[in-house]
Every structure is written in C-alpha cells, then in structure tokens.
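Visitor: I'd like to learn how to read a two-domain model. Could you walk me through this one?

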Amino acid sequence: MVKAGLEDVVATDSSICFLDGKEGRLVYQGYDIHDLAKFSTFEETVFLLWYGRLPTRTELDGLNKELRSNRNISDDVVKMMRLLPKTADPMEVLRTAVSMLGILDPDDKQNDRAANIRKATRLTAQFPTIIAYWDHIRNGREPIKPSDEGTLAANLLFMLTGSQPDEYNAHVMDVALILHADHELNASTFAARVAAGTLTDMHSAIVAAIGALKGPLHGGANQEVIKMLLEIGSPEKVESYITQAFKEHKKIMGFGHRVYKTEDPRAWHLRQMSEELGRRANELKWYEMSRQIEGMVFKDKSLYCNVDFYSASVYYMLGIPVDLFTPIFAVSRVSGWTAHILEQYSNNRLIRPRAEYVGPSKLAYEQIEQRSKTALLG
Ligand code: CMC
C-alpha cells in the first residue's frame, strides 16, 4: 500500500524553499526565515522567490514601482463581483476573480518567462485589491481604491479599513506576509505545479492553488482558530473547552504539521506579534487564551502550533474580518505559487504519477436485465 497523503515522498527538485522538519528551519532561496522576518520586506522577499537572489536597490525600486502600478483591477471584474451573492465565500470570489483576470490578461496567450513575470507581478499586486473590494461590495459600501504608494501590506490594511495603518500594524502585516510567502510542496503549491506541468497558463494554475488553500486542513485553519477563540470567549473557559474537545477526539485547529516535528519557526514571530498587539490594544485575552491552549495541546498530545495558530489572533487584532483570514494567506502565498510555477515551466515535465490499483479484477460483464438488485446493493 502507498503511504497515505504522499507523506515524505519527494516529488521534485526545487531551489525555492528548504524545510527542515526536525530542526524547525524554513529557508527561502538560502535565507533563513528569521533573518527575512527581521530584516527584509515582503516586496524584497517576492523578488528573492522569483529571481533566486536578493535585489539591488534599483531592482527593488523597480519591482515596487511595478507592484504599485498594477494594483487596480479591471472594471469588468468589479462588475462581475457585484453580481455574486453577498454570502459568497471570499476564497470562492478570489478564485472566480483570478479566473476572469486570466481571460483579460494582456499576456493571456504568452507563456514565456518575461510574460509570466508580468503575470506574477499583476497577480501579486491585485490579490489585496480583490479581497478588499469584495469586503466593501458584500457590505454595500463603495470599494476604496488602492493607494499608488506605500507597501503592499500597508495598502492592504488601508483598503480594508479605510485609514492608513500605524507603523507597527503595517510592520506586523508585512512580517506576516513574509512568513506565509512560501512553504515548499504544501498542498496548494503542489496543486499549482501539477497544473503548470501541463503547460496551462499561470492564472489557471493559481486557480487550482486557491481551491486547495481554501480547505480547513490547509489555509482554512486560521479562520477555524479564531472561531474557536471567539467561541471559548475568555481565559477561564479554555480548560473545560479543550478538555471536552480532547474527549470528543476533535482536532484542535492550528496544531500539528506534516513536516515540522518541532516548533514551526513562523509561529515564533506570530506569537510575539500577537502579544505585542494585545499589549498595545490593552486586550491581552486572545494571546493569553492562545498560550493556555498551546500548553494544553502540547501536554496532552505533544503537538506544536503551526503558522495558523497565532496568525488568527494577529489578524483579528489588526481588524481583519474573520472570513478574510484565508484570503490574506493567499495574498502572501501567491508569491510562492508563482515562483514555483516559474520554476516548473523552466524545466518542465508533465506531472503524472501512478496509482496502486486495489479494486476488483476480471469481473464478468452482465447485461443490465441480468443484474439483480441485491447484487447492485450488495
Ligand atoms: N489536534 C489534535 N490531534 C491532532 C492534530 C490536531 N490539530 N493534528 C494531528 N493530530 C493527531 C491526529 O489525530 C493523529 O492521531 P492518531 O494517530 O492517534 O490518529 C496524529 O496526530 C497524526 O495526524 P494526521 O492528521 O494523520 O497528520 P497529517 O500529517 O496527515 O496532518 C495536519 C497534518 C496539519 C493536516 C493535521 O495536523 C491537522 O489536521 N491539523 C489541524 C489543521 C491545521 O492546523 N492545519 C494547518 C496546517 S499548517 C498551515 C498550512 O499548511 O496551511
């Protein structure tokens, strides 16, 4: 039998991201995530993922200019979004908008590297606009147009809240985007590479990735974490809630990981930022509840929290609506997806694994009149 979930199966060579599950290390193109979180910016990280090296000042200025000037989305996409049911899941809206942007893309029929870098730039610039526009449209408000200055992180918060974020909040958003940018062959990146391996276009591969990220075992976990914290409500209720969840053999969202057998290095930064945001807002209860849950899950299950656990309280304290948490993950991860698609195209071979057949064999074909009901049910 094949190991379920392709656990530990190495499916490709890649120079984009190194993950050491035993040591808890995450490295983008040779640079440790702790250094990038401390010294880099999301835009610089995007350059690193696409080009395999850190940019010069001129190169970074160039990418910043391109990202800023591509923030707008076509009026036709906005019209289409206005036609969607207001109750639509924002990840479904993102998936649909990206699909339409693919049809309208000026490089739609081009699949060379230069065209794909332009597509990757437009997609990375447009994700925040799609998500913020949708939040306004579904709530009956006029969307706030993207600013043509500032970082992608600050502009995202500006478009969502209508006011410029303070320096610390913009920094927190920027670091969260760096931390989520890539993670080797996670489910959505694998989906993107499988699609790109057929030499389909970049937008189609990104649509596949968005569909995979949406699931609660992947990017959807951050929303489930905040729902749990809101349901618990206060630190004194944590113990009984988690004890009951253990009794019912429920999974605690934001814990466990297929690769990390120690602390997820991204969780360290998000934990610090969750505490600091709580301190600044004089509302430490989300952080305190999270700490308690972390202690209980480790004691009972020896499981560490993953990136989704503290990103939940961080996004909540930044004022982001709960069902936009997973789309915010996508705002960052689109940089990694596009990097992997570029890498896949650069040395492509169709991805087409095999299945171990475990079904019946050599059955005699019976005409439909001869098939008994019991045989069919049985
Ligand atoms: N709470 C309680 N028990 C857990 C959890 C959890 N969060 N995660 C794993 N376990 C237990 C699980 O019940 C199983 O126990 P047993 O062997 O007794 O049946 C054992 O640990 C192995 O779990 P698994 O589900 O087979 O492990 P996996 O490698 O297939 O899944 C995972 C990894 C991340 C899907 C899983 O840990 C999980 O469902 N976690 C909760 C969802 C979550 O936080 N997802 C975000 C993942 S990180 C960011 C991302 O990729 O998007």
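Visitor: How many salt bridges are there between domain 1 and domain 2?

Guide: Keep in mind that this is a predicted model. For a salt bridge, look for a Lys or Arg side-chain nitrogen within 4 Å of an Asp or Glu carboxyl oxygen. Between domain 1 and domain 2 the count is zero. Polar contacts do turn up there: seven residue pairs across the interface, both partners at pLDDT 80 or more.

Visitor: Which elements make up the side of domain 1 that touches domain 2?

Guide: Check which helices and strands each give at least two residues to that side: they are β1 (17-20), β2 (25-28), α1 (33-39), α8 (167-180) and α16 (325-346). Helix α8 has the largest share, with eight residues. By residue class, that side of domain 1 splits into 16 nonpolar, eight polar and six charged.

Visitor: And where do the domains run along the chain?

Guide: The domain assignment puts 15-216 + 323-346 in domain 1, and 221-317 in domain 2. Their C-alpha centres sit 25 Å apart. For the contact itself, count residues on either side: domain 1 gives 30 and domain 2 gives 26.

Visitor: How much area do the two domains bury between them?

Guide: Here you ask how much accessible area the two parts lose on being put together, summed over both. For domain 1 and domain 2 that comes to about 2200 Å², with 68% of it on carbon and sulfur atoms. On the domain 1 side, Tyr168, Leu179 and Phe325 lose the most area to domain 2, together 30% of what that side buries.

Visitor: How many salt bridges does the whole structure have?

Guide: Searching the whole structure gives 24. One of them pairs Asp107 with Arg118, whose closest N and O atoms are 2.9 Å apart. Asp107 is in the loop between α5 (90-104) and α6 (113-138), while Arg118 is in helix α6, so this pair ties together parts eleven residues apart in sequence.

Visitor: Now the ligand. Which residues come nearest to it?

Guide: Start with the list of neighbours, then look at the polar atoms. There are 17 residues around the ligand, and the nearest are His218, Lys251, Ile252, Gly254 and Arg258. His218 has a polar side-chain atom 2.7 Å from a ligand oxygen. For Lys251, a polar side-chain atom lies 2.6 Å from an oxygen of the ligand, and for Arg258 the distance from such an atom to a ligand oxygen is 2.7 Å.

Methods:
Residues numbered from 1 in each chain as written. Predicted model: local features only at pLDDT ≥ 70, side-chain atom pairs only at ≥ 80, totals over all residues. Heavy atoms only, no water. Domains from an automatic or database assignment. Contact = heavy atoms within 4.5 Å. Buried area = accessible area lost by both parts, 1.4 Å probe. Polar contact = N/O pair within 3.5 Å; in protein donor to acceptor, adjacent residues only side chain to side chain. Helix = DSSP H or I, 4+ residues; strand = E, 2+ residues; numbered from the N terminus. Nonpolar A, V, L, I, M, F, W, Y, C, P; charged D, E, K, R; others polar. Near = heavy atom within 4 Å.
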